[in-house]
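Biologist: I'm new to this one, so could we zoom in on a single part and take it slowly?

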Amino acid sequence: MNVLVINAGSSSVKYQLYNMNDESVLAKGRVERIGLDSAILTHEPEGKSEVREVSEILEHTTAIKKVLDMLVHKEFGVLHSIKEIDAVGHRVVHGGEFFSTSVLVTEEVKKKIKHLFDLAPLHNPAHMLGINAVEANMGDVPQVVVFDTAFHQSMPPEAYMYAIPKIWYSKHKVRRYGFHGTSHQYVSERASRFLNKPLDNLKIVSAHVGNGASCAAILNGKSIDTSMGLTPLEGMMMGTRSGDLDPAVVTFAMGKEDLTLNEVNSMLNKHSGLQAISGLSSDMREITEAMQEGDKNAKLAFDMYAYRVRKYIGAYAAALNGINILVFTAGVGENSVVLRKAVCEGLTYLGVELDDHRNETGRGIEKRISSDSSAVDVLVIPTNEEWMIARDTYELVMM
(Lines give C-alpha, C1' and ligand atoms only; values in the text may rest on other atoms or scores of the structure.)
Protein backbone atom coordinates (compact mmCIF):
# COMPACT_ATOMS: atom_id res chain seq x y z
CA MET A 1 0.00 0.00 0.00
CA ASN A 2 1.33 3.45 -0.96
CA VAL A 3 0.50 6.54 1.12
CA LEU A 4 1.16 10.10 -0.02
CA VAL A 5 1.76 12.51 2.88
CA ILE A 6 0.96 16.18 2.23
CA ASN A 7 1.85 19.23 4.32
CA ALA A 8 0.25 22.20 2.60
CA GLY A 9 1.18 25.78 3.49
CA SER A 10 -0.21 29.01 2.12
CA SER A 11 2.40 29.13 -0.65
CA SER A 12 3.98 25.69 -0.45
CA VAL A 13 3.36 21.96 -0.49
CA LYS A 14 5.71 19.40 1.04
CA TYR A 15 5.22 15.74 0.24
CA GLN A 16 6.53 12.24 0.93
CA LEU A 17 5.41 8.99 -0.68
CA TYR A 18 5.62 5.87 1.50
CA ASN A 19 5.48 2.20 0.62
CA MET A 20 3.81 0.91 3.77
CA ASN A 21 4.67 -2.73 2.97
CA ASP A 22 8.30 -2.16 3.90
CA GLU A 23 7.93 1.33 5.45
CA SER A 24 10.23 2.89 2.85
CA VAL A 25 10.17 6.39 1.38
CA LEU A 26 9.77 6.18 -2.38
CA ALA A 27 10.05 9.90 -3.03
CA LYS A 28 9.85 13.26 -1.30
CA GLY A 29 9.89 16.89 -2.31
CA ARG A 30 8.30 20.29 -2.11
CA VAL A 31 6.65 22.98 -4.17
CA GLU A 32 7.55 26.53 -3.18
CA ARG A 33 6.40 30.00 -4.23
CA ILE A 34 2.88 28.89 -5.19
CA GLY A 35 1.03 31.86 -6.66
CA LEU A 36 3.98 33.06 -8.73
CA ASP A 37 5.16 32.45 -12.26
CA SER A 38 8.50 31.25 -10.86
CA ALA A 39 7.30 28.51 -8.51
CA ILE A 40 9.89 25.83 -7.74
CA LEU A 41 9.24 22.08 -7.62
CA THR A 42 12.01 20.00 -6.04
CA HIS A 43 11.56 16.24 -6.41
CA GLU A 44 13.79 13.63 -4.73
CA PRO A 45 13.03 10.09 -5.95
CA GLU A 46 14.69 7.29 -4.00
CA GLY A 47 17.77 6.00 -5.81
CA LYS A 48 17.62 8.69 -8.50
CA SER A 49 18.95 12.20 -8.97
CA GLU A 50 17.11 15.21 -7.54
CA VAL A 51 14.96 17.11 -10.03
CA ARG A 52 14.31 20.85 -9.87
CA GLU A 53 11.72 22.53 -12.08
CA VAL A 54 10.69 26.20 -12.27
CA SER A 55 7.29 27.03 -13.74
CA GLU A 56 4.09 29.00 -13.21
CA ILE A 57 2.01 27.49 -10.40
CA LEU A 58 -0.74 29.84 -9.33
CA GLU A 59 -2.73 27.68 -6.92
CA HIS A 60 -2.63 24.41 -4.96
CA THR A 61 -4.62 22.29 -7.42
CA THR A 62 -1.92 22.87 -10.03
CA ALA A 63 0.79 22.25 -7.46
CA ILE A 64 -0.63 18.84 -6.55
CA LYS A 65 -1.04 18.03 -10.25
CA LYS A 66 2.66 18.83 -10.78
CA VAL A 67 3.61 16.57 -7.86
CA LEU A 68 1.52 13.70 -9.20
CA ASP A 69 2.95 14.14 -12.68
CA MET A 70 6.45 13.94 -11.22
CA LEU A 71 5.65 10.78 -9.24
CA VAL A 72 4.67 8.98 -12.47
CA HIS A 73 7.26 10.63 -14.72
CA LYS A 74 8.90 8.11 -17.08
CA GLU A 75 12.42 9.12 -16.04
CA PHE A 76 12.09 10.61 -12.55
CA GLY A 77 8.96 8.89 -11.29
CA VAL A 78 8.57 6.01 -8.85
CA LEU A 79 5.07 4.83 -9.86
CA HIS A 80 3.51 3.61 -13.09
CA SER A 81 0.14 5.20 -12.35
CA ILE A 82 -1.50 7.58 -9.88
CA LYS A 83 -3.88 4.72 -9.10
CA GLU A 84 -1.00 3.12 -7.20
CA ILE A 85 -1.49 5.79 -4.50
CA ASP A 86 -3.95 4.15 -2.12
CA ALA A 87 -4.47 7.01 0.34
CA VAL A 88 -3.36 10.56 1.18
CA GLY A 89 -2.57 11.82 4.67
CA HIS A 90 -2.54 15.51 5.55
CA ARG A 91 -0.94 17.39 8.38
CA VAL A 92 -3.44 19.81 9.95
CA VAL A 93 -2.18 22.14 12.67
CA HIS A 94 -5.34 22.75 14.69
CA GLY A 95 -8.04 20.25 15.58
CA GLY A 96 -9.48 22.24 18.48
CA GLU A 97 -11.62 20.17 20.82
CA PHE A 98 -13.23 18.37 17.89
CA PHE A 99 -10.43 15.91 17.24
CA SER A 100 -8.42 13.81 19.70
CA THR A 101 -7.35 11.31 17.02
CA SER A 102 -6.68 11.24 13.29
CA VAL A 103 -9.80 10.84 11.13
CA LEU A 104 -10.88 10.08 7.58
CA VAL A 105 -11.85 13.18 5.63
CA THR A 106 -15.62 13.65 5.27
CA GLU A 107 -17.76 16.69 4.56
CA GLU A 108 -18.42 17.01 8.29
CA VAL A 109 -14.70 16.87 9.08
CA LYS A 110 -14.01 19.58 6.51
CA LYS A 111 -16.69 21.78 8.09
CA LYS A 112 -15.05 21.42 11.50
CA ILE A 113 -11.60 22.26 10.11
CA LYS A 114 -13.07 25.40 8.55
CA HIS A 115 -14.76 26.23 11.86
CA LEU A 116 -11.26 26.31 13.38
CA PHE A 117 -9.85 28.82 10.89
CA ASP A 118 -9.94 31.55 13.55
CA LEU A 119 -7.70 29.49 15.86
CA ALA A 120 -5.11 28.82 13.15
CA PRO A 121 -5.59 31.47 10.45
CA LEU A 122 -2.14 30.93 8.93
CA HIS A 123 -2.38 27.15 8.80
CA ASN A 124 -5.82 25.54 8.64
CA PRO A 125 -6.98 27.44 5.52
CA ALA A 126 -3.81 26.29 3.74
CA HIS A 127 -4.39 22.69 4.83
CA MET A 128 -7.91 22.89 3.39
CA LEU A 129 -6.43 24.02 0.09
CA GLY A 130 -4.32 20.86 0.11
CA ILE A 131 -7.32 18.63 0.86
CA ASN A 132 -9.39 20.24 -1.89
CA ALA A 133 -6.49 20.03 -4.35
CA VAL A 134 -6.16 16.29 -3.77
CA GLU A 135 -9.91 15.86 -4.29
CA ALA A 136 -9.69 17.78 -7.55
CA ASN A 137 -6.81 15.66 -8.84
CA MET A 138 -7.47 12.22 -7.39
CA GLY A 139 -11.23 11.90 -7.09
CA ASP A 140 -12.35 9.52 -4.39
CA VAL A 141 -8.97 8.45 -3.02
CA PRO A 142 -9.30 8.14 0.80
CA GLN A 143 -7.86 11.09 2.69
CA VAL A 144 -6.89 11.27 6.36
CA VAL A 145 -6.16 14.32 8.51
CA VAL A 146 -3.63 14.13 11.36
CA PHE A 147 -3.74 17.00 13.85
CA ASP A 148 -0.82 18.63 15.69
CA THR A 149 -3.14 19.26 18.63
CA ALA A 150 -4.77 15.82 18.90
CA PHE A 151 -2.17 14.15 21.14
CA HIS A 152 -2.59 16.88 23.76
CA GLN A 153 -6.36 16.48 24.06
CA SER A 154 -5.67 14.14 26.97
CA MET A 155 -4.55 17.12 29.10
CA PRO A 156 -6.70 17.64 32.22
CA PRO A 157 -8.60 20.93 32.69
CA GLU A 158 -6.15 22.23 35.31
CA ALA A 159 -3.45 22.06 32.63
CA TYR A 160 -5.34 23.43 29.64
CA MET A 161 -7.54 26.14 31.17
CA TYR A 162 -6.35 29.76 31.48
CA ALA A 163 -7.12 31.75 34.62
CA ILE A 164 -9.26 34.25 32.73
CA PRO A 165 -13.06 34.79 32.60
CA LYS A 166 -14.60 31.44 31.66
CA ILE A 167 -16.89 33.06 29.12
CA TRP A 168 -13.83 33.37 26.86
CA TYR A 169 -13.64 29.59 26.90
CA SER A 170 -17.35 28.91 26.62
CA LYS A 171 -17.84 31.38 23.74
CA HIS A 172 -14.52 31.30 21.91
CA LYS A 173 -12.75 28.15 23.16
CA VAL A 174 -9.80 30.14 24.48
CA ARG A 175 -7.66 27.50 26.18
CA ARG A 176 -4.32 25.77 25.83
CA TYR A 177 -4.18 23.24 22.98
CA GLY A 178 -0.51 22.53 22.44
CA PHE A 179 1.22 21.65 19.18
CA HIS A 180 3.96 19.33 17.85
CA GLY A 181 1.72 16.53 19.13
CA THR A 182 2.63 14.17 16.31
CA SER A 183 6.32 14.60 17.14
CA HIS A 184 5.85 14.17 20.90
CA GLN A 185 3.79 11.03 20.36
CA TYR A 186 6.32 9.59 17.92
CA VAL A 187 9.39 10.07 20.11
CA SER A 188 7.62 8.81 23.23
CA GLU A 189 6.69 5.60 21.41
CA ARG A 190 10.20 5.25 20.02
CA ALA A 191 11.71 5.83 23.48
CA SER A 192 9.61 2.98 24.84
CA ARG A 193 10.81 0.67 22.07
CA PHE A 194 14.44 1.81 22.32
CA LEU A 195 14.59 0.99 26.03
CA ASN A 196 12.28 -2.03 25.73
CA LYS A 197 10.05 -0.66 28.46
CA PRO A 198 6.22 -0.55 28.33
CA LEU A 199 4.92 2.91 27.41
CA ASP A 200 2.05 2.65 29.86
CA ASN A 201 4.49 2.61 32.76
CA LEU A 202 6.72 5.55 31.88
CA LYS A 203 7.09 9.20 32.84
CA ILE A 204 8.60 10.98 29.84
CA VAL A 205 9.52 14.60 29.25
CA SER A 206 9.87 15.24 25.53
CA ALA A 207 11.78 18.34 24.38
CA HIS A 208 11.01 19.16 20.75
CA VAL A 209 13.70 21.79 20.38
CA GLY A 210 14.07 23.55 17.06
CA ASN A 211 13.20 26.86 15.43
CA GLY A 212 9.79 26.14 16.91
CA ALA A 213 10.10 24.55 20.33
CA SER A 214 7.81 22.84 22.81
CA CYS A 215 8.03 20.53 25.78
CA ALA A 216 5.56 17.84 26.80
CA ALA A 217 4.89 15.85 29.96
CA ILE A 218 3.84 12.35 28.94
CA LEU A 219 2.43 9.97 31.56
CA ASN A 220 1.84 6.36 30.55
CA GLY A 221 1.76 7.35 26.88
CA LYS A 222 -0.67 10.27 27.36
CA SER A 223 0.12 13.99 27.23
CA ILE A 224 -0.78 15.65 30.55
CA ASP A 225 0.80 19.04 29.82
CA THR A 226 2.65 20.87 27.08
CA SER A 227 4.27 24.26 26.74
CA MET A 228 2.50 25.74 23.70
CA GLY A 229 -0.95 27.18 24.28
CA LEU A 230 -3.83 28.62 22.29
CA THR A 231 -1.21 29.28 19.61
CA PRO A 232 2.40 28.12 19.11
CA LEU A 233 3.64 31.41 20.64
CA GLU A 234 3.40 30.30 24.28
CA GLY A 235 6.12 28.36 26.03
CA MET A 236 9.85 28.10 25.46
CA MET A 237 11.97 30.71 23.70
CA MET A 238 12.21 29.85 19.99
CA GLY A 239 14.01 30.91 16.85
CA THR A 240 11.87 33.99 16.17
CA ARG A 241 9.08 33.58 18.76
CA SER A 242 9.26 35.12 22.21
CA GLY A 243 7.71 32.29 24.18
CA ASP A 244 6.36 33.13 27.62
CA LEU A 245 6.18 36.79 28.65
CA ASP A 246 4.09 39.09 30.82
CA PRO A 247 0.89 39.83 28.83
CA ALA A 248 1.19 43.45 29.91
CA VAL A 249 4.24 43.72 27.66
CA VAL A 250 1.84 43.80 24.70
CA THR A 251 -0.22 46.78 25.87
CA PHE A 252 2.88 48.53 27.22
CA ALA A 253 4.71 48.20 23.89
CA MET A 254 1.65 49.28 21.92
CA GLY A 255 1.37 52.44 24.00
CA LYS A 256 5.06 53.33 23.98
CA GLU A 257 5.74 52.54 20.31
CA ASP A 258 2.28 53.25 18.88
CA LEU A 259 2.07 49.72 17.49
CA THR A 260 -0.97 48.06 15.94
CA LEU A 261 -2.15 44.59 16.90
CA ASN A 262 -0.70 43.19 13.69
CA GLU A 263 2.64 44.82 14.37
CA VAL A 264 2.81 43.41 17.89
CA ASN A 265 1.80 39.98 16.62
CA SER A 266 4.55 40.14 14.00
CA MET A 267 7.09 41.31 16.58
CA LEU A 268 6.36 38.43 18.97
CA ASN A 269 6.17 35.72 16.29
CA LYS A 270 8.73 36.77 13.68
CA HIS A 271 11.16 39.22 15.29
CA SER A 272 11.76 37.87 18.80
CA GLY A 273 13.46 34.81 20.29
CA LEU A 274 17.02 33.90 19.35
CA GLN A 275 16.92 36.34 16.42
CA ALA A 276 16.09 39.33 18.62
CA ILE A 277 18.51 38.62 21.47
CA SER A 278 21.49 37.61 19.34
CA GLY A 279 20.91 40.30 16.72
CA LEU A 280 22.46 37.74 14.42
CA SER A 281 20.32 34.77 13.51
CA SER A 282 17.52 32.42 14.51
CA ASP A 283 19.76 29.46 13.65
CA MET A 284 21.31 27.79 16.70
CA ARG A 285 24.32 26.67 14.64
CA GLU A 286 25.27 30.26 13.81
CA ILE A 287 24.59 31.41 17.36
CA THR A 288 26.74 28.65 18.87
CA GLU A 289 29.59 29.45 16.49
CA ALA A 290 29.40 33.17 17.29
CA MET A 291 29.22 32.43 21.04
CA GLN A 292 32.36 30.31 20.85
CA GLU A 293 34.09 33.20 19.09
CA GLY A 294 33.23 35.52 21.98
CA ASP A 295 30.02 37.23 20.81
CA LYS A 296 28.28 38.30 24.04
CA ASN A 297 24.84 38.71 22.48
CA ALA A 298 25.05 35.25 20.98
CA LYS A 299 26.01 33.83 24.38
CA LEU A 300 23.10 35.59 26.05
CA ALA A 301 20.71 34.21 23.44
CA PHE A 302 22.09 30.70 23.92
CA ASP A 303 21.98 30.91 27.71
CA MET A 304 18.39 32.20 27.70
CA TYR A 305 17.33 29.43 25.33
CA ALA A 306 19.01 26.65 27.33
CA TYR A 307 17.70 28.04 30.63
CA ARG A 308 14.12 28.00 29.41
CA VAL A 309 14.40 24.45 28.06
CA ARG A 310 15.85 23.32 31.40
CA LYS A 311 13.15 25.17 33.36
CA TYR A 312 10.32 23.49 31.45
CA ILE A 313 11.90 20.06 31.91
CA GLY A 314 12.03 20.71 35.65
CA ALA A 315 8.43 21.90 35.73
CA TYR A 316 7.22 18.81 33.90
CA ALA A 317 9.24 16.51 36.11
CA ALA A 318 7.22 18.05 38.94
CA ALA A 319 3.94 17.65 37.02
CA LEU A 320 4.75 13.97 36.50
CA ASN A 321 5.93 13.47 40.11
CA GLY A 322 9.21 12.18 38.76
CA ILE A 323 10.76 11.33 35.42
CA ASN A 324 12.09 8.13 33.84
CA ILE A 325 13.05 9.42 30.41
CA LEU A 326 14.12 12.73 28.89
CA VAL A 327 14.00 12.90 25.09
CA PHE A 328 15.63 15.53 22.87
CA THR A 329 14.28 15.81 19.34
CA ALA A 330 13.87 18.23 16.37
CA GLY A 331 16.63 20.23 14.69
CA VAL A 332 18.40 21.68 17.72
CA GLY A 333 17.62 18.82 20.07
CA GLU A 334 18.93 16.23 17.62
CA ASN A 335 22.05 18.09 16.52
CA SER A 336 23.32 20.54 19.13
CA VAL A 337 25.80 18.76 21.39
CA VAL A 338 26.45 22.02 23.23
CA LEU A 339 22.78 22.76 23.93
CA ARG A 340 22.07 19.26 25.26
CA LYS A 341 25.09 19.47 27.55
CA ALA A 342 24.10 22.92 28.84
CA VAL A 343 20.58 21.71 29.62
CA CYS A 344 21.57 18.44 31.28
CA GLU A 345 24.28 19.98 33.45
CA GLY A 346 21.52 21.82 35.29
CA LEU A 347 19.43 18.70 35.88
CA THR A 348 21.72 16.77 38.22
CA TYR A 349 19.16 17.18 41.02
CA LEU A 350 16.92 14.83 39.03
CA GLY A 351 19.70 12.28 38.84
CA VAL A 352 20.62 13.13 35.24
CA GLU A 353 24.20 12.16 34.41
CA LEU A 354 25.37 12.95 30.89
CA ASP A 355 27.94 10.78 29.11
CA ASP A 356 30.01 13.27 27.09
CA HIS A 357 31.27 10.68 24.62
CA ARG A 358 27.77 9.42 23.85
CA ASN A 359 26.51 12.99 23.55
CA GLU A 360 29.22 13.96 21.07
CA THR A 361 29.14 10.92 18.78
CA GLY A 362 26.59 9.42 16.41
CA ARG A 363 24.38 11.88 14.56
CA GLY A 364 20.97 11.20 13.01
CA ILE A 365 20.39 8.03 15.03
CA GLU A 366 18.45 7.03 18.11
CA LYS A 367 20.86 6.93 21.03
CA ARG A 368 21.25 7.18 24.79
CA ILE A 369 23.43 10.09 25.90
CA SER A 370 23.17 9.52 29.65
CA SER A 371 25.63 7.41 31.63
CA ASP A 372 24.81 3.87 32.69
CA SER A 373 24.42 5.08 36.28
CA SER A 374 22.06 7.96 35.42
CA ALA A 375 18.72 7.82 37.25
CA VAL A 376 17.06 9.21 34.11
CA ASP A 377 17.53 7.77 30.63
CA VAL A 378 18.39 10.72 28.39
CA LEU A 379 17.78 9.93 24.73
CA VAL A 380 18.16 11.63 21.37
CA ILE A 381 15.46 10.46 18.97
CA PRO A 382 15.13 11.99 15.48
CA THR A 383 11.50 12.92 14.99
CA ASN A 384 9.50 11.64 12.05
CA GLU A 385 6.13 13.36 11.88
CA GLU A 386 5.63 12.33 8.24
CA TRP A 387 5.90 8.68 9.21
CA MET A 388 3.28 9.16 11.93
CA ILE A 389 0.92 10.71 9.38
CA ALA A 390 1.55 7.82 6.98
CA ARG A 391 0.99 5.26 9.75
CA ASP A 392 -2.27 6.79 10.92
CA THR A 393 -3.47 7.07 7.32
CA TYR A 394 -2.64 3.44 6.63
CA GLU A 395 -4.35 2.21 9.80
CA LEU A 396 -7.53 4.21 9.22
CA VAL A 397 -7.86 3.22 5.57
CA MET A 398 -7.20 -0.45 6.32
CA MET A 399 -9.75 -0.62 9.15
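Biologist: Which residues of helix α2 (residues 107-115) are buried?

Modeller: Before I get to that, this is a predicted model, where local features need pLDDT of at least 70, side-chain atom pairs count only at pLDDT 80 or more, and totals for chains, interfaces and linings use all residues. Residues are numbered from 1 along each chain as its sequence is written, and side-chain values use heavy atoms, leaving out hydrogens and water.

Now, α2: the buried ones are Val109, Lys110 and Ile113. Buried here means under 20% relative accessible area, exposed means over 50%, and partly exposed is in between (1.4 Å probe, protein chains only). Helices are DSSP runs of H or I with at least four residues, strands are E runs of at least two, and both are numbered from the N terminus. Those buried residues sit on the same side of α2 because they span an arc of only 100° around the axis, taking the directions from the helix axis to the C-beta atoms. Flip to the face turned away from that side and you'll find Glu107, Lys111 and His115, which are exposed.

What does the buried side lean on? It packs against β6 (85-92), β7 (103-104), α3 (124-138) and β8 (143-147), with contact meaning heavy atoms within 4.5 Å.

Follow β6 and β8 and you meet another residue, threonine 393 from helix α15 (residues 385-398). Ignoring neighbours within four places in sequence, threonine 393 touches Val3, Ala87, Val88, Gly89 and Val144. Of these, Ala87, Val88 and Gly89 belong to β6, while Val144 belongs to β8. Threonine 393 counts as buried because its relative accessibility is 0%.
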